[in-house]
Amino acid sequence: MVQIYTLTLAPSLDSATQTPQIYPEGKLRCSSPVFEPGGGGINVARAINFLGGRATAIFPAGGATGEHLVALLQQENVPVESINAHEWTRQNLHVHVNTSGEQYRFVMPGATLNEDELQQIQQKILLIAPGSLLVISGSLPPGVSLEQFTTLIKTAQHHGLRCVIDSSGDALTAALAIGQIELVKPNQKELSALVQRELIQPDDVRNAAQEIVRSGKARRVVVSLGAQGALAVDEQNCVQVVPPPIKSQSTVGAGDSMVGAMTLKLAEHASLEEMVRFGVAAGSAATINQGTRLCSRENTQKIYDYLQQH
């Protein structure tokens with residue numbers, strides 16, 4: 001099978017806790033925190049690992065929080081290729097309010113990366129075997145410009161790597177401007193920004209996704225549509241997969257789980273329909289969990305089997 005690597009420029013150590021209620025100024029008594037690895041590409045690698053595949057996570061790690069992050073990934077048997085960063089890895093906080101069911105996500109800015117650290121990351125990319133898949137996912141940290149971001153993508157492509165990009169805003173626009181991206185997963189709002197027009201009707205979404213593929217910017221576009229699942233487009237096919245009705249506990253890990261599942265199917269040379277079906281199954285499986293937990297193999301397989309039958 002094709003080897004899979006992920007790149008996270010703004011990793012995090014995520015902590016999740018619960019409290020009876022939230023109100024200003026008073027002390028909010030919380031449950032013991034649960035710590036998990038965080039950051040787009042890191043979560044994609046974890047999801048692939050949970051689903052029975054194997055992906056190596058590349059990321060900068062700094063300070064005690066960075067050491068904790070690496071240790072947690074090693075406990076999950078996720079292969080790690082980290083570089084030592086000067087700044088401490090950020091720590092995010094996820095709070096679940098028991099009485100209301102509300103969730104609060106406190107997201108800190110990523111640690112600043114300097115030029116030397118970016119060069120070390122580029123060297124990691126150049127050590128990957130040509131033909132491998134590289135998932136670049138998550139936000140850009142302070143100190144990383146769009147030009148530096150696109151340079152990393154171009155370096156990977158020139159080295160023969162197939163790039164999957166899961167980002168948003170200017171970073172996603174800049175990545176697609178390079179062209180020949182293997183897979184992107186915008187939501188409807190992000191897709192609208194990419195084609196610079198409103199997408200009101202279902203055909204508008206399909207046409208916009210096909211426009212990106214026909215322009216050569218991406219080989220596959222999968223538009224996440226929330227409760228309506230996802231619409232997938234490549235050069236020849238258009239597929240929509242709607243998930244079964246599931247009581248959602250949290251949507252935090254759904255996107256990364258979906259990207260991980262689809263990347264795993266890409267590595268297995270699966271069809272577009274099989275790829276997006278497995279992706280929707282993994283994304284749906286992640287919503288069953290509270291907090292920041294990702295998809296499980298068992299729940300993903302159950303939902304995938306349901307989708308195959310329906």
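Visitor: What makes the crossing of α4 and α5 right-handed?

Guide: It comes down to the turn: a crossing counts as right-handed if the near helix is turned clockwise from the far one by less than a right angle. In this predicted model, the crossing of α4 and α5 is right-handed. Helix α4 covers residues 146–158 and helix α5 residues 169–178, and the two pack at an angle of about 40 degrees, with their axes 10 Å apart.

Visitor: Which residues make the contact?

Guide: On the α4 side they are L146, F149, T150, I153, K154 and Q157, and on the α5 side D170, A171, A174, A175 and I178. Sorted by kind, the residues of this contact are seven nonpolar, two polar and two charged.

Visitor: Let's turn to the sheet. Why is β3 called an edge strand?

Guide: The sheet is an open one of four strands, in the order β3-β2-β6-β7, with mixed pairing. Strand β3 (34–38) pairs on one side only, and so does β7 (103–106), so these are the edge strands. On average, neighbouring strands of this sheet are turned by 20 degrees against each other, direction ignored.

Visitor: How do you know that β6 and β7 pair?

Guide: Pairing needs at least two bridges between the strands. Strand β6 (residues 90–97) and β7 have four bridges, in the antiparallel sense, so they count as paired. One of the bridge partners to look for is Q103 in β7, which goes with H96.

Visitor: Which helix lies across β2, β3 and β6?

Guide: That's α2, residues 63–75, running at about 90 degrees to β3.

Visitor: On to the charged side chains. Why is the meeting of E182 and R219 called a salt bridge?

Guide: The cut-off is a side-chain nitrogen of Lys or Arg within 4 Å of a carboxyl oxygen of Asp or Glu. For E182 and R219 the N to O distance is 3.1 Å, so the pair qualifies. By this rule the count comes to twelve salt bridges.

Visitor: Is E182 buried or exposed?

Guide: Buried means under 20% relative accessible area. E182 has 4%, so it is buried. R219, at 37%, falls between the 20% and 50% limits, so it is partly exposed.

Visitor: What makes E182 and R220 a salt bridge?

Guide: Their closest N and O atoms are 2.8 Å apart, and the limit is 4 Å, so this pair counts too. E182 sits in the loop between α5 and β10, and R220 in the loop between α7 and β11, so the bridge ties together parts that are 38 residues apart in sequence.

Visitor: How far apart are the closest N and O atoms of E268 and K265?

Guide: They are 3.4 Å apart, in a salt bridge. At 39% relative accessible area, E268 is partly exposed, while K265 counts as buried at 11%. As for networks, salt bridges that share partners join R162, E182, R219 and R220 into one.

Visitor: One last stop: L307. Why is L307 called buried?

Guide: Its relative accessibility is 8%, and buried means under 20%, so L307 qualifies. L307 lies in helix α10, residues 297–309.

Visitor: What does L307 touch?

Guide: Leaving out residues up to four places away in sequence, L307 touches V241, V242, P243, P244, R277, V280 and A281. Take V242: L307 and V242 are 65 residues apart along the chain, yet their C-alpha atoms are separated by 8.2 Å.

Terms used. Residues numbered from 1 in each chain as written. Predicted model: local features only at pLDDT ≥ 70, side-chain atom pairs only at ≥ 80, totals over all residues. Heavy atoms only, no water. Buried < 20%, exposed > 50% of the residue type's maximum accessible area, 1.4 Å probe, protein only. Contact = heavy atoms within 4.5 Å. Axes fitted to C-alpha atoms, helices over the stretch in contact; angles between N-to-C directions. Nonpolar A, V, L, I, M, F, W, Y, C, P; charged D, E, K, R; others polar.
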